[in-house]
Amino acid sequence: MSKQPQPISPMKNFFAGGFGGVCLVFAGHPLDTIKVRLQTQPKPKPGESLLYAGTIDCFKKTLAKEGVKGLYKGMAAPIIGVTPMFAVCFFGFGLGKKLQQKTPDDILTYPQLFAAGMLSGVFTTAIMAPGERIKCLLQIQAATGKVQYAGPMDCVKQLYRESGIRGIYKGTALTLMRDVPASGMYFMSYEWLKNILTPAGKNPNELSVPSVLFAGGMAGIFNWAVAIPPDVLKSRFQTAPEGKYPNGFRDVLRELIREEGVGSLYKGFTAVMLRAFPANAACFLGFELAMKFLNWLAPDL
């Protein structure tokens with residue numbers, strides 16, 4: 001079980017999580033761009049080959065066509081969105097842990113850590129769903145060449161004009177299906193790996209940088225192993241024209257499996273896994289460093 005000498009402070013988690021989020025975007029955005037381009041590339045006409053053969057090919061073509069800037073396309077939205085989102089995510093996890101403790105030095109079981117992680121997933125979806133929808137729409141318009149939205153704010157305005165708040169929150173149920181179990185997995189596996197990597201008699205909070213990077217990176221991989229199938233459905237659903245899937249994700253699932261088989265639920269798997277490790281390693285390292293700084297700055301908060 002995890003040792004927690006420092007009482008849990010959801011507020012500190014909030015700020016440290018925000019910093020972790022910034023680290024995550026810088027480390028992971030290039031592969032996120034590639035993931036979305038691979039997941040949404042059009043089906044080739046008979047006799048034509050796919051636009052991108054795979055992760056490496058998409059990387060090369062994007063670099064050749066748009067340079068390094070192409071890989072960081074649409075990064076402003078995630079930085080603005082991700083910082084509060086990770087802040088809220090880590091806050092939710094801190095709160096989830098605190099609510100389950102009877103005394104401040106209670107050590108939580110893994111199922112309790114999983115439950116605290118799931119709570120953080122509910123918290124983030126409220127912020128996440130609109131941000132994801134806007135991000136997907138902006139990323140595919142760059143790839144398809146049809147410029148419909150000038151930028152994130154313009155996209156929000158147009159969606160709101162077309163279909164009100166529902167247009168902005170399209171895909172929320174799918175975002176919940178993706179983030180609630182995946183967040184539980186994310187935080188639980190991180191705490192579990194931290195405990196495994198801690199030498200006997202030592203405190204998990206004093207882990208070396210390589211150990212934190214490894215635990216964070218692997219937590220990212222566990223998180224996405226749970227999250228990819230609903231993520232593929234969500235990308236499809238959120239970028240589809242109005243009314244294409246009247247019954248929501250059930251229609252998307254049926255069409256995908258009918259047309260492309262069950263394997264298509266793991267589309268973009270390589271890009272996601274390649275990104276998950278460094279991005280989440282960077283995130284948890286940023287989080288742990290910020291936590292150390294905040295505990296030094298305000299030990300009693």
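Start by selecting methionine 75 in this predicted model: leaving aside residues up to four places away in sequence, methionine 75 touches Val25, Phe26 and His29. Show those three as sticks and you have the contacts of methionine 75 in view. Follow the backbone on either side and you will see that methionine 75 sits in the loop joining α2 (55-71) to α3 (76-100). Is methionine 75 buried or exposed? Its relative accessible area is 14%, under the 20% limit, so methionine 75 counts as buried.

Next, add leucine 289 and draw a distance from methionine 75. The two are 214 residues apart in sequence, and their C-alpha atoms are 23 Å apart in space.

Now colour by the repeats. UniProt, in an unreviewed entry, lists "repeat: Solcar" at residues 8-99, 108-196 and 207-293. Select residues 8-99: the span is 78% helix and 0% strand, with its end C-alpha atoms 10 Å apart. Then try residues 207-293, where the end C-alpha atoms lie 15 Å apart and the span is again 78% helix and 0% strand.

Move on to the surface and pick Trp192, Ile196, Leu197 and Phe214, which form a nonpolar patch with about 360 Å² of accessible area together. Helix α6 (residues 172-197) gives the largest share of this patch, three residues. Leucine 197 is in helix α6, and its relative accessibility of 31% makes leucine 197 partly exposed.

To finish, colour by pLDDT. The chain has a mean of 88, and 98% of its residues reach 70 or more. Where in the chain is confidence lowest, and where is it highest? Helix α4 (residues 110-144) is lowest, at a mean of 86, while α6 is highest, at 93.

Notes: Residues numbered from 1 in each chain as written. Predicted model: local features only at pLDDT ≥ 70, side-chain atom pairs only at ≥ 80, totals over all residues. Heavy atoms only, no water. Patch = residues over 30% accessible without salt bridge, like charges linked within 9 Å, V, L, I, M, F, W, Y side chains within 5 Å. Areas by Shrake-Rupley, 256 points an atom, 1.4 Å probe, with all protein chains shown as cover. Salt bridge = Lys/Arg side-chain N within 4 Å of Asp/Glu carboxyl O. Helix = DSSP H or I, 4+ residues; strand = E, 2+ residues; numbered from the N terminus. Buried < 20%, exposed > 50% of the residue type's maximum accessible area, 1.4 Å probe, protein only. pLDDT = per-residue confidence, 0-100. UniProt positions renumbered as here; feature names shortened; annotations may be inferred. Contact = heavy atoms within 4.5 Å.
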